[in-house]
Amino acid sequence: MSLVGPTRCPAVTTVVLEGEAVLYDERTGDVHTLNQTAAVIWNALDGRDLNEVAETVAAAQGAPVDLVRQHVLDLVPALAAAGLVDG
Amino acid sequence: MTGRFSAGPFAAGGVAFSVETNRQELQQLIEGAFRDLRHVGGAGPETVFEALHNGSRPPFNPWAVLRDGVVCELTVADDYVLSHLLWEVTRLVFDRTASRVHLHGAALALRGRALLLVGPTHSGKSTLAAWLTHQGWGFLTDEAALVDPLTSVVHPFWRPIGMRRPGPLEAIIDQVMPAARHLTECLVPASLIGSLATATPLAGIVLISLSPGEQSHVIRLSPAQALSELTLHYPGLVEAGREGFLGLGRIAGSVPTYQMRFDGLADAEQLLRERVDAG
């Protein structure tokens with residue numbers, strides 16, 4: 001695993017309920033909700049590169065890797081814009 | 001009459017307090033409005049609030065409010081001093097019960113199960129809380145719910161219910177508080193209109209909104225939607241931080257949360273009874 005990708009920001013606390021994730025940013029008080037697919041991607045953001053994230057999530061969900069990769073490429077910039085990931 | 005007058009002792013959420021004032025009229029108002037918080041010893045060291053009139057006349061706001069000798073506010077209006085004291089008491093209770101989740105809502109119990117009614121100001125929480133209490137539900141709190149995040153038990157905080165005129169419960173208020181007929185807002189002790197409930201397990205949370213002209217209905221939220229919504233009604237979330245959020249998450253994951261729009265009080269009660277049975 002190459003550690004060059006984004007990681008979940010330590011100031012963000014995650015609660016997963018029935019597969020959906022609710023993120024609380026202690027710095028801003030902002031709350032974000034992620035659907036089930038986004039929640040799995042979020043959980044995989046531990047520094048590995050985005051291709052590895054897509055492959056991990058695709059394997060876990062039994063989904064086509066190209067489709068998951070697109071979800072990853074859509075989601076990660078939005079998370080970064082909201083300040084929820086580092087790197 | 002002036003001098004030094006003491007009201008209390010009171011207790012709320014296990015926190016003891018009393019109020020001292022230099023006006024007997026205010027002492028009598030406090031004793032009346034806070035009667036459900038009356039307490040006789042055993043709740044630990046007492047916090048002393050003071051509400052002191054400085055002798056000035058309108059248009060100046062004459063009241064100073066202090067907590068254990070520290071100024072909370074120096075210019076409180078005559079018709080707001082009781083509400084301000086109640087707000088300071090609520091702050092004290094929140095400060096001293098930091099392990100509990102505090103939600104801006106009312107809580108009522110029926111057949112040993114509690115429902116939490118959450119919503120913004122003017123959503124109908126207090127009116128509905130008073131109506132349900134009058135209809136035989138046990139009153140746990142209005143405006144300030146204390147929930148244990150580990151057990152999802154709602155602890156009582158028998159604040160008086162803030163009622164406004166005109167409103168659908170005017171006749172009830174007039175009956176139990178005839179001296180308050182001239183007031184557009186008054187604080188009604190729940191025990192005057194019904195019974196008080198002790199700590200009760202939570203059966204569900206209902207995000208309410210008064211929707212005149214619309215058919216009353218309820219929908220269930222996913223736990224994640226519920227958690228996201230409930231953060232908006234947790235006034236101390238920033239101070240409680242990560243632990244507070246995790247606590248709220250435990251509650252949202254352990255009891256169902258609903259969204260209810262209601263037109264009339266009777267409709268709302270029927271829907272809420274169904275939620276108690278379903279929860």
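# Exercises on a predicted two-chain model

Glu26(A) and Arg242(B) form a salt bridge in which the closest N and O atoms are 3.1 Å apart. The structure is a predicted model, and the exercises below start from this pair and move outward.

## Exercise 1: The salt bridge between the chains

Task: Place the two partners, Arg242(B) and Glu26(A), in their elements, and check the pair against the cut-off for a salt bridge.

Solution. Begin with the distance: a salt bridge requires a side-chain nitrogen of Lys or Arg within 4 Å of a carboxyl oxygen of Asp or Glu, and the side chains of Arg242(B) and Glu26(A) meet at 3.1 Å, N to O. Next, locate the partners: Arg242(B) belongs to helix α6 (residues 237–254) of chain B, while Glu26(A) sits in the loop between β3 and β4 of chain A, and the pair therefore crosses between chains. Finally, set the pair in context: the count between chain A and chain B is one salt bridge, whereas a search of the whole structure gives 17 salt bridges over all chains.

## Exercise 2: The contact between chain A and chain B

Task: Describe the contact by its residues, its buried area and its polar pairs, and then state which elements of chain A give two or more residues to the side that touches chain B.

Solution. Start with the residues, of which chain A supplies 14 and chain B supplies 15. Then turn to the area, since the size of an interface is often given as the accessible area lost when the parts come together. Chain A and chain B bury about 1,200 Å² between them, and 69% of this lies on carbon and sulfur atoms. For the polar part, four residue pairs are in polar contact between chain A and chain B, counting pairs with both residues at pLDDT 80 or more. On the side of chain A that touches chain B, the elements giving two or more residues are β2 (12–17), β3 (20–25) and β4 (31–34) of chain A. Sorted by class, that side of chain A has eight nonpolar, three polar and three charged residues.

## Exercise 3: The sheet of chain A

Task: Work out the order of the strands β2, β3 and β4 of chain A, and explain why one side of β2 and of β4 is left without a neighbour in the sheet.

Solution. The strands make an open sheet of three, in the order β2-β3-β4 (chain A), with antiparallel pairing. Because β2 and β4 of chain A stand at the edges and each has a single partner strand, one side of each is left without a neighbour in the sheet. Neighbouring strands of this sheet are turned by 20 degrees against each other on average, direction ignored.

The pairings can now be followed one by one. β2(A) and β3(A) run antiparallel and are joined by six bridges, and within this pairing Val12(A) has Asp25(A) in β3(A) as its bridge partner. Glu18(A), which lies in the loop between β2 and β3 of chain A, has a positive phi of about 50 degrees although it is not a glycine. β3(A) and β4(A), also antiparallel, are joined by four bridges, with Val31(A) in β4(A) as the bridge partner of Tyr24(A). These two strands, β3(A) and β4(A), form a hairpin with five residues between them, and Gly29(A) in the turn has a positive phi of about 80 degrees.

## Exercise 4: Strand pairing and cis bonds in chain B

Task: Determine in which sense, parallel or antiparallel, β9(B) pairs with β7 and with β14 of chain B, and then place two cis peptide bonds.

Solution. Strand β9 (residues 138–141) of chain B pairs with β7 (residues 105–110) of chain B in the antiparallel sense over three bridges, and Ala109(B) stands opposite Gly138(B) there. With β14 (residues 195–196) of chain B, β9(B) pairs in the parallel sense over two bridges, and here Gly138(B) stands opposite Ser195(B).

For the cis bonds, take Gly8(B) and Pro9(B), whose joining peptide bond has omega of about 5 degrees; Pro9(B) is placed in strand β1 (residues 2–12) of chain B. The peptide bond from Pro58(B) to Pro59(B) is likewise cis, with omega near 15 degrees, and Pro59(B) is found in the loop between β3 (46–53) and β4 (63–67) of chain B.

How values were computed. Residues are numbered from 1 along each chain as its sequence is written. Chains are lettered from A and ligands numbered from 1 in the order in which they are written. This is a predicted model: local features need pLDDT of at least 70, side-chain atom pairs count only at pLDDT 80 or more; totals for chains, interfaces and linings use all residues. Side-chain values use heavy atoms; hydrogens and water are left out. Contact means heavy atoms within 4.5 Å. Buried area is the accessible area (1.4 Å probe) that two parts lose on being put together, summed over both. A polar contact is a pair of N or O atoms within 3.5 Å; within protein, one must be able to donate a hydrogen and the other to accept it, and residues adjacent in sequence count only if both atoms are side-chain atoms. Ala, Val, Leu, Ile, Met, Phe, Trp, Tyr, Cys and Pro count as nonpolar, Asp, Glu, Lys and Arg as charged, and the others, Gly among them, as polar. Two strands pair if DSSP finds at least two bridges between them. Axes are lines fitted to C-alpha atoms, for helices over the stretch in contact, and angles run from 0 to 180 degrees between N-to-C directions.
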